Amino acid sequence: MTAIFLMSMIFGLACGQAMSFCIPTEYTMHVERKECAYCLTINTTICAGYCMTRDVNGKLFLPKYALSQDVCTYRDFMYKTAEIPGCPRHVTPYFSYPVAISCKCGKCNTDYSDCIHEAIKTNYCTKPQKSYMVGFSIF
């Protein structure tokens, strides 16, 4: 009985390590401009999750580009645009943001992803909030 339990535990751990759990995840962001009267709350999807990675022992012998680890990043995405309410006429009120459609484990591309190790804790509003209604994008 214990041998079957032990084998099933080992099998479960092996399968868990082999599978990546990198999926589109709901995310709420807050956007504001100092010239505008309101903070905009936007619900979108981002890529988040676990990607299998390994630390190599031969770090001294490998070039730096070979040492980067896989991260959960966008496979397919689209941009949506929202209008920040309460902006004066001389300020452009539009804000574009990515919406994750599908995700993958891969190298972080700084052209369209933020590749930092720790998230900056600034996702809050300092002004009155307005919610953005999904499906009413400007462009």
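This report describes the fold, disulfides, nonpolar cores, aromatic rings and one buried serine of a predicted model.

## Overall layout

The protein chain has 1 helix and 5 strands. In sequence order these elements follow the pattern α-β-β-β-β-β, with the helix ahead of the strands.

Of the 139 residues in the protein chain, 20% count as buried. The protein chain exposes about 10,600 Å², and carbon and sulfur atoms supply 60% of that area. Among contacts with a separation of 6 or more, 69% are between residues 24 or more positions apart.

## Disulfides

A disulfide is a covalent bond between the sulfur atoms of two cysteines. The model contains 4 disulfides, and three of them are described here, including the link of Cys 22 and Cys 72.

In the link of Cys 22 to Cys 72, the S to S distance is 2.0 Å. With 90 degrees about the S-S bond, this link is right-handed. Cys 22 belongs to strand β1 (residues 21-31) and Cys 72 to strand β3 (residues 71-83), so the bond ties together parts that are 50 residues apart in sequence. Cys 22 counts as buried at 12% relative accessibility, and Cys 72 is buried as well, with a relative accessible area of 17%.

Cys 36 and Cys 87 form another disulfide, with sulfur atoms 1.9 Å apart. This link is right-handed, with 100 degrees about the S-S bond. Here the two ends sit in loops: Cys 36 in the loop between β1 and β2 (39-50), and Cys 87 in the loop between β3 and β4, so parts 51 residues apart in sequence are tied together. Cys 36 counts as buried, at 3% relative accessibility.

The sulfur atoms of Cys 47 and Cys 103 are 2.1 Å apart and form a disulfide. The torsion about the S-S bond of Cys 47 and Cys 103 is about -90 degrees, so this disulfide is left-handed. Cys 47 lies in strand β2 and Cys 103 in strand β4, so the pair ties together parts that are 56 residues apart in sequence. Both Cys 47 and Cys 103 are buried.

## Nonpolar cores

The largest nonpolar core is made up of 10 residues. Its members are Met 29, Val 31, Cys 36, Leu 40, Ile 42, Ala 82, Ile 84, Val 91, Tyr 97 and Val 99. Strands β1, β2 and β4 each supply at least two residues of this core.

Apart from this core lies another, of 7 residues, among them Cys 22, Cys 72, Tyr 74 and Ala 100. Two of these residues, Cys 22 and Cys 72, are the partners in a disulfide described above. Cys 36, a member of the largest core, is also a disulfide partner, bonded to Cys 87.

## Aromatic rings

A pair of aromatic rings is described by the distance of the centres and the angle of the planes. The structure holds 3 aromatic pairs. The rings of Tyr 74 and Phe 77 have centres 5.4 Å apart and planes at 55 degrees, so this pair is tilted. For Phe 77 and Tyr 79, the centres are 5.6 Å apart and the planes stand at 85 degrees, so this pair is edge-to-face.

Tyr 74, Phe 77 and Tyr 79 form one aromatic cluster. Within this cluster, Tyr 74 is buried, with a relative accessible area of 11%. Phe 77 is partly exposed, at 29%, and Tyr 79 is partly exposed, at 49%. Tyr 74 is also one of the residues of the 7-residue core.

## The surroundings of Ser 102

Ser 102 lies in strand β4 (residues 94-106). Its relative accessible area is 18%, and Ser 102 counts as buried because the cut-off is under 20%. The side chain of Ser 102 makes a polar contact with the side chain of Asp 76, at 3.0 Å.

Leaving aside neighbours within four places in sequence, Ser 102 is in contact with Pro 24, Cys 47, Tyr 74, Arg 75 and Asp 76. Two of these residues appear earlier in this report: Cys 47 is bonded to Cys 103, and Tyr 74 belongs to the aromatic cluster with Phe 77 and Tyr 79.

Definitions and conventions: Residues are numbered from 1 along each chain as its sequence is written. This is a predicted model: local features need pLDDT of at least 70, side-chain atom pairs count only at pLDDT 80 or more; totals for chains, interfaces and linings use all residues. Side-chain values use heavy atoms; hydrogens and water are left out. Helices (H or I, at least four residues) and strands (E, at least two) are DSSP runs, numbered from the N terminus. Buried means under 20% relative accessible area, exposed over 50%, partly exposed in between (1.4 Å probe, protein chains only). A polar contact is a pair of N or O atoms within 3.5 Å; within protein, one must be able to donate a hydrogen and the other to accept it, and residues adjacent in sequence count only if both atoms are side-chain atoms. Contact means heavy atoms within 4.5 Å. A disulfide is a pair of cysteine sulfur atoms within 2.5 Å. A nonpolar core is a set of buried Ala, Val, Leu, Ile, Met, Phe, Trp, Tyr and Cys residues joined through side-chain atoms within 4.5 Å. Rings of Phe, Tyr and Trp (its six-membered ring) pair if their centres lie within 6.5 Å; planes under 30 degrees apart count as stacked, over 60 as edge-to-face and the rest as tilted. Accessible areas come from the Shrake-Rupley method with a 1.4 Å probe; for residues, only the protein chains shown count as cover.
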